[in-house]
Amino acid sequence: MKLLITRPMTPAVEARARAAFDVEIRKNTAPMTGREMLSALTDFDVVVPTLGDQFSARIFADAGSPRCKLLANFGVGYNHIDVEAARAASVAVTNTPGAVTGATADIAMTLLLSTARRAGEGERLVRAGQWQGWHPTQMLGHHVTGKRVGIVGMGRIGQAIARRCHFGFEMQVAYQSRSAKKLDFPAEFTPDLKALAASVDFLVLAVPGSAETRHLIDAQVLETMKPSAILVNIARGEVVDEAALVAALQKGQIAGAGLDVYEFEPEVPQALREMENVTLLPHLGTATEEVRSSMGHMALDNVAAFVAGEALPNPV
C-alpha cells in the first residue's frame, strides 16, 4: 500500500507515517498542481491532501479509474475536494473533525480582541519608534466585555467561540444557523442573517466553506451592520465577498475586520493590507504543534483503518 502525504507534517506525524506505511511525503508546501494531483490518484493507494489541493471533478474524470481509494484529508474543511466526484470514482473521503475546534476558536478571539483594541496598529506604532507616550485619548478602541456578539454557524467551532465570549467576556451571544441548537449556555437564535448582522457589535463567521456559503456575507449583509461593528472571519475566505468587504471598510460602513482567511488565498488585497483597522493573519487557525499533530494522527487513523479493512473513523 503506497501512501502520499501532500505537505510536510510535524515530526511526530511523519515518524508514525514512515514507521507504519510505505509513504512518500511531498516537500513542497504549496498546493499541488493538476498534474501532481492526477499522478497522486493514479500512482498511490491513499493520499493525505489538505487545503489548496483542488481535487475537482475534472481531476477525477482525467484519472479515469484511479488507483487511489481514499483521500484522508488533513483538515476539517474539505470544500477543496469534490466529494460527489470522488464517490463516483470509488474514492472515499475523510476529514479531521474535533481536533481543530479549540485552536480555531482561540484565533477567533485573537482577531476579535486585536481588532477591537487596535493591537496590531499599536504594535506597529511601537516598532516604528513613533509612540510618544501614554495619554488619556490614545488609540481608543472598542470595549469587548458585555457587548453583543453574533455567530454565524453554531457547530463545534461556533459553540467554542460562543463559550469563550459568554463565560470569558460576559458577552450576549446571538447566532444564526440552519436550526436552533440545544446549548449549555444562553444564546439567542436569530434565523435571519441580516437581522443578526444588524443587532450585534461583533459578527463572527464559523460556517464551513461550500457552494451554499460562498459570499454569504455580501454587500447587503455588510450594509445592515452597525458603523461601530467588527467582522471576524475564521471560516473560509470565500464566505465573504472580499470586494464588498473592502468597499464597506473604505466607506466606513463597519468599523473594522479581523481575517484569518481570504477569498483568493494566499493573495490579500492591497487595500486590506493598507488599512489600520483590519487585523490580518496568515491562516493560523489550527497552527499549534499539538493541534497539527492531532490532525495528522487523525488522518493517519483513517489511513490505518482503510488498510485494515475497518470502518473509516471520519467519513464525509
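Does Phe189 count as buried, exposed or partly exposed, and at what relative accessibility? Keep that residue in mind while we walk through this model, which is a predicted one. The answer is that Phe189 counts as partly exposed, because its relative accessibility is 29%, and a residue must fall under 20% to be called buried.

Phe189 has a ring partner, so let us begin with the aromatic pairs, of which the structure holds 2. In one of them, Phe55 and Phe60 have ring centres 6.3 Å apart and planes at 40°, so this pair is tilted. Phe55 and Phe60 are both buried. The other pair joins Tyr175 to Phe189 and is tilted as well, with 5.4 Å from centre to centre and 40° between the planes. Tyr175 belongs to strand 7 (residues 172-176) and Phe189 to strand 8 (residues 188-189), so the pair ties together parts that are 14 residues apart in sequence. Tyr175 is buried, since its relative accessible area is 2%, whereas Phe189 is the partly exposed residue we opened with.

A further ring to look at is that of Phe44. Lys2 lies over its face, at 4.9 Å from the ring centre.

Now turn to the open sheet. It is formed by 5 strands in the order 2-1-3-4-5, with parallel pairing. Its edges are strand 2 (22-25) and strand 5 (92-94), each of which pairs on one side only. From one strand to the next, the twist averages 15°. Helix 12 (residues 289-307) packs on this sheet, where it touches strand 1 (2-5), strand 3 (46-48), strand 4 and strand 5; the direction of helix 12 makes about 155° with that of strand 4.

Let us stay at the edge formed by strand 5. Strand 4 (residues 70-72) runs parallel to strand 5, and 3 bridges join the two. One bridge partnership to find here is that of Ala72 with Thr94 in strand 5. Val93 is also in strand 5, and with a relative accessible area of 5% it is buried. What does Val93 touch, leaving aside its neighbours within four places in sequence? Its contacts are Leu70, Leu71, Ile81, Ala86, Asn314, Pro315 and Val316. The contact with Val316 spans a long stretch of sequence: the two residues are 223 residues apart along the chain, yet their C-alpha atoms are separated by 5.9 Å.

Next, look for strand 10 (230-233) and strand 11 (256-259). These two strands run parallel and are joined by 4 bridges. Asn233 sits in strand 10, and its bridge partner in strand 11 is Leu259. Is Asn233 buried or exposed? It is buried, because its relative accessible area is 1%, under the 20% limit. A polar atom of the Asn233 side chain lies 2.9 Å from the backbone nitrogen of Ala235. Not counting residues up to four places away in sequence, Asn233 touches Leu111, Leu205, Val240, Gly258, Leu259, Asp260 and Val261.

Strand 11 is a good place to check which way residues point. In a regular strand, side chains alternate between the two faces of the sheet. Here, Gly256 and Gly258 point one way from strand 11, while Ala257 and Leu259 point the other way, and all are buried.

Helix 10 (residues 242-251) brings these elements together in our tour. Its buried residues are Glu242, Ala244, Leu245, Val246, Ala248 and Leu249. They pack against strand 10 and strand 11, and also against helix 9 (219-224), helix 11 (270-273) and strand 12 (278-280). Both ends of helix 10 deserve a look. At the N-terminal end, Asp241 acts as a cap, with a side-chain oxygen 3.3 Å from the backbone nitrogen of Ala243. After the helix comes Gly252, whose phi is positive, near 75°.

Our last stop is helix 7 (residues 156-169), where Gln159 is found. At 18% relative accessibility, Gln159 counts as buried, because the cut-off is under 20%. Leaving aside neighbours within four places in sequence, Gln159 is in contact with Met154, Leu183 and Phe185.

Technical notes. Residues are numbered from 1 along each chain as its sequence is written. This is a predicted model: local features need pLDDT of at least 70, side-chain atom pairs count only at pLDDT 80 or more; totals for chains, interfaces and linings use all residues. Side-chain values use heavy atoms; hydrogens and water are left out. Two strands pair if DSSP finds at least two bridges between them. Axes are lines fitted to C-alpha atoms, for helices over the stretch in contact, and angles run from 0 to 180 degrees between N-to-C directions. Contact means heavy atoms within 4.5 Å. Rings of Phe, Tyr and Trp (its six-membered ring) pair if their centres lie within 6.5 Å; planes under 30 degrees apart count as stacked, over 60 as edge-to-face and the rest as tilted. Buried means under 20% relative accessible area, exposed over 50%, partly exposed in between (1.4 Å probe, protein chains only). A charge sits over a ring if NZ of Lys or CZ of Arg is within 6 Å of the ring centre and within 35 degrees of the ring normal. A polar contact is a pair of N or O atoms within 3.5 Å; within protein, one must be able to donate a hydrogen and the other to accept it, and residues adjacent in sequence count only if both atoms are side-chain atoms.
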